[in-house]
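Me: Please take me through one part of this model, close up. Informal is fine, but give me the cut-offs behind the terms.

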Amino acid sequence: MFARLVYESFRRQKRRKLLAGAAITLGVTVATAMIGVATDIGDKMNRELRQIGANLVVTPQEDSLDVEIGGVNLKPPTDGAFLNEADLPKILGIFWHNNITAFAPMLPVNVAIEKDGSRKNVTLVGTYFAKRLSYGTDAITTGVKTTYPLWKIAGAWPVDDSQTVLIGERLAKQIGVKAGDQISVGGREEPVSGILATGGAEDDQILATLNLAQEILAKPGAVKRVYVSALTKPEDAFGRRDPKSMSGAIYDRWYCTPYPAAIALQLTEVIPHSRAEQIRQVAQNEGTVLTRIEGLIFLITLAALFASALAVSAAMATAIFERRAEVGLMKALGAGKVVVASIFFAEATLLALIGGLIGFGAGALLAHQIGRSIFNSQISIQPVLLPVILAIAVIVTFAGSAMAIRRAVRLDPVFALRGEL
Amino acid sequence: MSGPVSDSGRELAAKREKAPHTSMLLRMMVRAAILRRGRAASALFAMVVAAAVATAMLNLYVDVQAKLRTEFRNYGANIILVGRDGASLPSDALARVDSIVAGHGIAAPFGMVVARTSDGQPIVVAGTDFERVRQLDRWWKVSAWPSLDNTQSSQNQGEVRHPSSELSPALVGARALAVVSPTNRPFVLSFQGQTMKVTPAGTVETGAAEDSRVYLSLNDFVAWTGVRPETIEVAASGPPDEVTAIMNQLARAIPAAEVRPVRQIMEGEALVLGKTRSTVLAAAALVILTAALCVLSTLMGWVFDRRRDFAIMKALGASGRLLNGFFAAEAAALGAIGAVIGFLLGIGIAAWIGRVNFHAPVVPRFSVLPVVLAGSIAVTLLSAILPISLLRRVQPAVILRGE
C-alpha cells in the first residue's frame, strides 16, 4: 500500500514532480561542478604559475660562490664543483616524481664570439631544450622549453643533439645576428636557429645544447645547476618546521607532503653531492597566490552550495504545500502523522536520488566544460564524490521538506479539504 | 437621514472619487503582505538571499583582479632600469623614479662590484637601500635587517665617513657567510686597494644569486667603492596599461637608463589573473542562476497560493489588466526591497570575504546596484507573470470552489 501510494504519486503528478526534480537536479549540478572546480583549482593554478619559471634549484654542494653581475659570469668557469649529467634522470625516481613537471640543467661557460670581424666575450649557457629522458619505466621530455614556457623565440628551437644555438635578443641586436645566420663561437661556426627574448639575463647570453657547453669547457658530463619545476603545496606552519627536529611519524608526514622543502630534500637524496633549495621569489609567492585563489574559490563554492540548498528547499516546500488537500484526505481516512510524513519523506528521498544522479552527471559535464574553456585541460570529478553528493542531496531535500511536511501534517483535515488555510 | 450625514457621505464619496487609485493598490499590497506574513516573509527572504549572493559575486568578480595584483607585487620588481652599457645611473635617477612611481609602487637602487675577501676570493658586494628592499623583495628570508638594528648609520648620513676605521653592518648571503665569516665575526673586503671592515648583521636566503653576495647600505657602499648604483628595480602596481605608461615615463625621464620589463612576472601575472577571473565569472554565473531559480520557485508558489485572492478580485469585476498590474506591482516592490536589502548584505559578505581571504576589504562597487536591482525586479516579475497567465484562463468559480 505504501509503495503504491508513492508510485501513484509519481505517476499522476508528473508536473509537480518534474518541477521539484528539476530544482534538485540543478542544485546538484551546480554543487558538483563547483566542488569539482574547487578541488582542482589548486592544481590548475599551480600549473599556470609554473610558467613563471622553476621553483627549485639544485647546485653542487661544495661549490664556490657565484660571481655574477647582470647575468655575466665573472669567475673562471672551470672553478668550483659540478654535478654529473648522468645523475639527472634519477630525479624521476623521487617520491614526488609525478609532481616534477620539468627540469633543465645549466652549464654556463665564457666564450668569445666573432661576427663580421668584431669580437665579444659573452656567456654561453648549455642546457636541454626538449630532451627525452627515461628512468626505469618513467620517461619525460624536459628542458627550458617546458620549464620556461613564456620564453619567446623568433625562429626555431634548436634540437638537443645538434650544434645549433639561440642568441639572446639584446646580444643579437648588438652584433647584428638573425635566425639562420652562422656565428663563430669559440672558434667554431655554429648555425643560429633563433633569437631568444626572455626579459631576463638570457637576453645577453647564448643558449646552446649541454653537449656543446661541455665540449667548450672540456668537461664531459658536467652540469652547474639544475632548475626544477615542481607542483608544490603552499608552505604552512607545519611545512616551515625544521625536518631535523621531527620524530619518525611526523617526519614521514612532512616527507610525504609536496612542500617545496620536502621535494628539495628528496632531490638532494638522489643527486650525489648536491644541495637543493627553493627559489624563494617563485616558490614563496606562488604559495601566497595559490592560497588566495583557492580560498576565494572555496568561499564561492560555499555560496554555491548554500544557494543550491536553498533552491532545493524552496522547491520542495512549494511542492508539499500544494498538496494540503491530499494530506487532509489521508488524515480523514485515518492515516497517522507518521505514515503521512513517511510518504513525503520517501518521495523526497526518491526525488533526491534521481535528481542527484542526473545532477551529478550534468555537474561533471559542466566542470569538464569549465576546465576545457578556461584551463585547456580536464577537470575530472572523482567517482568517490558520487555517494557524498547523493547524501548531501538527500539531506538537503529532507531539510527543505521537513518544515513543509510538519505544517502539512499538523493541518486539520476539515480545513485542508475545504481548501482553506 | 439628516442633511449633515448625507452631506458627510457625499463628501466622503467625493473624496474617494478624487483619491488616486494608487492608494487602494497600495493598501491591497500592504494588507496582502501583512495577512500572509509567513509566505511573504519567505518570498522576501529568498529575494534578499539571492540579491545578496549576486551582489557579493559581482563585487568579487569586479575586484578579484585588483586584489590578486597586490599579491603579485610580492614577486618583486616588474620593471628594471639599467644604466646603458653598464654605466652608473645619474645621481638624481632614484629621486626621479620615486616621483613617477609615487603611490603606485616602490623602487630600490642596487650597485654592484666584485671585491676580494681577505684570502683573495672574488665576491660580489652590493650596495642598496635596506628599507626599500625590505618592501620590494618580500620573499627574502632575512634573519635581521641591518638598517633597523643600526639606527646610527642613518643619523650619521651627513657626516664624512671613514670607511676603513668603522664597522659597516652588512646583510650577508647564506652561502657567502660560510666563505667570508663562518664564525659570524667582522671581516675585511677590499676593492681596488680600498679596504672595508664589515660586520655581518644578518643573513639573507633566497635560493638565487643573492645567497652569494654581501649587501651593504648604499652610503657605505658609495663611500667605499665610489661606484654609484647602476640598477634600479621598480615594482609598479596597477593593470598592464598603467605599468606600460610608467615604463614610458621612466624611459623619458631618465634617458641614460635602459628600461626593461620583467616579462616572466608580468606575463605570468596576466595569465593567472585572466584565468582566475574567468573561473570566478563562471562560478558567479552558476551561483546567481541558482539563486534566481530559488526566487522563481518561491515566488511562483506564493502567487499560486493566492489564487483565491485572484479569483475573488476577478469575481468582483477586476479587469485582467488591473490584476496583472496588481501582481506585477507587488512583485516589483518585493524585488526592489529585496534587492536593496540584499545589496547591503552582499557588500558585507564581499567585504568579509576580502578580509578573510585577502586581508583587505573588497571595496563596495555601487555600479553593481543597478544591475542587481534590474535583475531582481526582472526575476520577480517573471515569477509573478507566469502563474498569473496560467490562472487567467481558469474561471474564478472553479478556483473558489477549491478545485
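What follows is about the place where the chains touch: which elements of chain B each supply at least two residues of the side that touches chain A?

Reply: Before we zoom in, keep in mind that this is a predicted model, where local features need pLDDT of at least 70 and side-chain atom pairs count only at pLDDT 80 or more, while totals for chains, interfaces and linings use all residues. Residues are numbered from 1 along each chain as its sequence is written, and chains are lettered from A and ligands numbered from 1 in the order in which they are written.

Now the contact itself. Chain B puts in 56 residues and chain A puts in 57 residues (two residues are in contact if their C-beta atoms, placed from the backbone, lie within 7 Å). On the chain B side, the elements that each supply at least two residues are helix 3 (37-72), strand 2 (105-117), strand 3 (122-128), helix 8 (174-180), strand 10 (257-261), helix 11 (263-305) and helix 13 (320-358). Those are DSSP runs numbered from the N terminus: helices are H or I with at least four residues, strands are E with at least two. The top contributor is helix 11 of chain B, with 23 residues. By character, the chain B side splits into 33 nonpolar, 16 polar and seven charged residues. For that count, Ala, Val, Leu, Ile, Met, Phe, Trp, Tyr, Cys and Pro are nonpolar, Asp, Glu, Lys and Arg are charged, and the others, Gly among them, are polar.

A good residue to click on is Val287(B). Setting aside residues up to four places away in sequence, Val287(B) touches Ile300(A), Ala303(A), Ala304(A) and Ala307(A) in chain A, plus Val53(B) and Met57(B) in chain B. Val53(B) and Val287(B) also touch the most other members of the largest nonpolar core, which has 231 residues. The biggest giver to this core is helix 8 (residues 280-321) of chain A, with 22 residues. Here a core means buried Ala, Val, Leu, Ile, Met, Phe, Trp, Tyr and Cys residues joined through C-beta atoms within 7 Å. Buried means 20 or more other C-beta atoms within 10 Å of a residue's own, exposed means 12 or fewer, and partly exposed is in between, with C-beta atoms placed from the backbone. As background, nonpolar side chains tend to be buried together in soluble globular proteins.

Two more of the contributors, strand 2 and strand 3 of chain B, belong together. They pair in the antiparallel sense over seven bridges (strands pair if DSSP finds at least two bridges between them). Val113(B) faces Val125(B) of strand 3 across that pairing. The hairpin has four residues between the strands, and Gly120(B) there takes a positive phi near 85 degrees. Strand 3 of chain B also runs parallel to strand 8 (residues 213-217) of chain B, joined by five bridges, with Ala126(B) opposite Tyr215(B). Six of the seven residues of strand 3 are buried, which leaves the strand mostly covered.

Helix 8 of chain B leads to an odd spot. Asn184(B) sits in the loop between helix 8 and strand 6 (187-191) of chain B, and although it is not a glycine, Asn184(B) has a positive phi of about 65 degrees. Asn184(B) counts as exposed because it has 11 other C-beta atoms within 10 Å.

Finally, step back to see what the contact belongs to. Chain B has 15 helices and ten strands, and 42% of its 403 residues are buried. Its domain assignment gives domain 1 (21-70 + 271-400) and domain 2 (78-261), with the C-alpha centres of the two domains 58 Å apart. These bounds come from an automatic or database domain assignment. Chain A, the partner, has twelve helices and 16 strands, and 46% of its 421 residues count as buried. Chain A is assigned domain 1 (2-45 + 289-418) and domain 2 (55-278), and the C-alpha centres of those domains lie 54 Å apart. Along the principal axes, the C-alpha atoms of chain A fill a box of roughly 110 × 50 × 35 Å.
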